[in-house]
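Colleague: I would like to learn how to read the surroundings of a bound molecule in a model like this one. Could you take me through it step by step?

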Amino acid sequence: MAEAILPNVPRHVAIIMDGNGRWARARGLPRTMGHKKGVEAVREVVRTAGDIGISYLTLFAFSSENWRRPEAEVSDLMGLLKAFIRRDLADLHRENVRIRVIGEREHLRSDILPLLLEAEETTRNNTALTLVIAFNYGSRDEMARALRKIGEKIRDGYLTPDMVTPELIDAHLDTAGMPDPDLIIRTSGEERLSNFLLWQAAYSELVFVPEFWPDFDRPLFMATLEKFAGRERRFGGLAASSVLAGE
Ligand code: IPE
Ligand code: IPE
Ligand code: MG
């Protein structure tokens, strides 16, 4: 496959899937049609990520702030997530995809949580792509939960304050054990993170594309990865060219 020789494939790609509503509006359709079409884009992107050897793909599916939307839309999005897991879990499992869910779980409706747990449990030992679904996820909420866990361990004497390091914080986030995203993509032309992976994004490359999420297909994904491949990452150090030149 031609894509296999793509240079500089990111290990972890995270995507803010935005613009479903505007995609629908531009066609005179109800917002719900945009979300429905968005699920098809999810399938294509997951398949592509697996094909080109990305290790982690994180998709922002529902934010902790999306509860502010009208009840009908919220329930629509919940329905789509449930349908996606019911319909696609077997296929994903066959393709050796491991599913992981990040976000707050305790307050999720009783018809959603068991499905998410089943998806994680069924695919736990798979070794190809890890598909991370950010659902009821908000970075500040995630950090607050992590700090509460650390605080409880300090209170109970398992940790002391001087043991709180970036690594320890990492280990208490929902993303514990995962590499930070190398690349964060947001569709629909909005240029903000909207409370997504704020801690983990410290050195992520950001690419904003104007297309709405339902239009984000394999060629567009490939073009975005090419853009990433051309970026030089420094992590606070010097550009490789400066080092070689002995500047
Ligand atoms: C992204 O599309 C889907 C979710 C946030 C769940 P939007 O629904 O935000 O679409 P726009 O931004 O209104 O176009
Ligand atoms: C971010 O999109 C959340 C998801 C893609 C799930 P939003 O559409 O909710 O973000 P804002 O409100 O435009 O910042
Ligand atoms: Mg939006």
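Modeller: Let us begin with a term: helices and strands here are DSSP runs, a helix having at least four residues and a strand at least two, and they are numbered from the N terminus. Please keep in mind throughout that this is a predicted model.

Colleague: With that term in hand, which element gives the largest share of the shell around ligand 1?

Modeller: The largest share comes from α1, which contributes 3 residues. In total 13 residues surround ligand 1, and the closest are Asp18, Gly21, Arg22, Arg31 and Arg69. Sorted by class, this shell holds 3 nonpolar, 5 polar and 5 charged residues.

Colleague: Which polar backbone atoms should I look at beside the oxygen atoms of ligand 1?

Modeller: A polar contact is a pair of N or O atoms within 3.5 Å. In this structure a polar backbone atom of asparagine 20 is 3.1 Å from an oxygen atom of ligand 1, and for a polar backbone atom of glycine 21 the distance to an oxygen atom of the ligand is 2.9 Å. A side chain takes part as well, since a polar side-chain atom of arginine 31 lies 2.9 Å from an oxygen atom of ligand 1. On its own ligand 1 has 370 Å² of accessible area, and the protein covers 86% of it. The elements that give two or more residues to its shell are α1, α2 (31–52) and α3 (71–94).

Colleague: And in which pocket does ligand 1 sit?

Modeller: Ligand 1 sits in the largest pocket, and the space taken by ligand 2 is likewise the largest pocket.

Colleague: Which residues, then, surround ligand 2?

Modeller: Among them are Ile16, Met17, Phe60, Ala61, Phe62, Ser63 and Arg69. Strand β2 (residues 56–63) supplies the largest share of this shell, 4 residues, and by class the shell divides into 5 nonpolar, 3 polar and 4 charged residues. Reading the side-chain contacts in turn, an N or O atom of serine 194 is 2.6 Å from an oxygen atom of ligand 2, one of arginine 192 is 2.8 Å from such an oxygen, and a polar atom of asparagine 66 lies 2.9 Å from one. Taken alone, ligand 2 exposes 390 Å², of which the protein buries 78%.

Colleague: How should I read pairs of charged side chains, and how many salt bridges does a search of the whole structure find?

Modeller: In general, side chains of opposite charge can pair when their charged atoms come close. The search finds 20 salt bridges. One case joins the side chains of arginine 186 and aspartate 18, at 2.8 Å from N to O. Because arginine 186 lies in strand β5 (residues 183–186) and aspartate 18 in the loop between β1 (12–16) and α1 (20–25), the pair ties together parts that are 168 residues apart in sequence. Both residues also belong to the surroundings of ligand 2.

Notes:
Residues numbered from 1 in each chain as written. Chains lettered and ligands numbered in written order. Predicted model: local features only at pLDDT ≥ 70, side-chain atom pairs only at ≥ 80, totals over all residues. Heavy atoms only, no water. Near = heavy atom within 4 Å. Polar contact = N/O pair within 3.5 Å; in protein donor to acceptor, adjacent residues only side chain to side chain. Areas by Shrake-Rupley, 256 points an atom, 1.4 Å probe, with all protein chains shown as cover. 1 Å grid on protein atoms, 1.4 Å probe; cavity = no way out; pocket = protein on both sides within 12 Å on 5 of 7 lines; lining within 4 Å. Sits in = over half its atoms within 2 Å of the grid points. Nonpolar A, V, L, I, M, F, W, Y, C, P; charged D, E, K, R; others polar. Salt bridge = Lys/Arg side-chain N within 4 Å of Asp/Glu carboxyl O.
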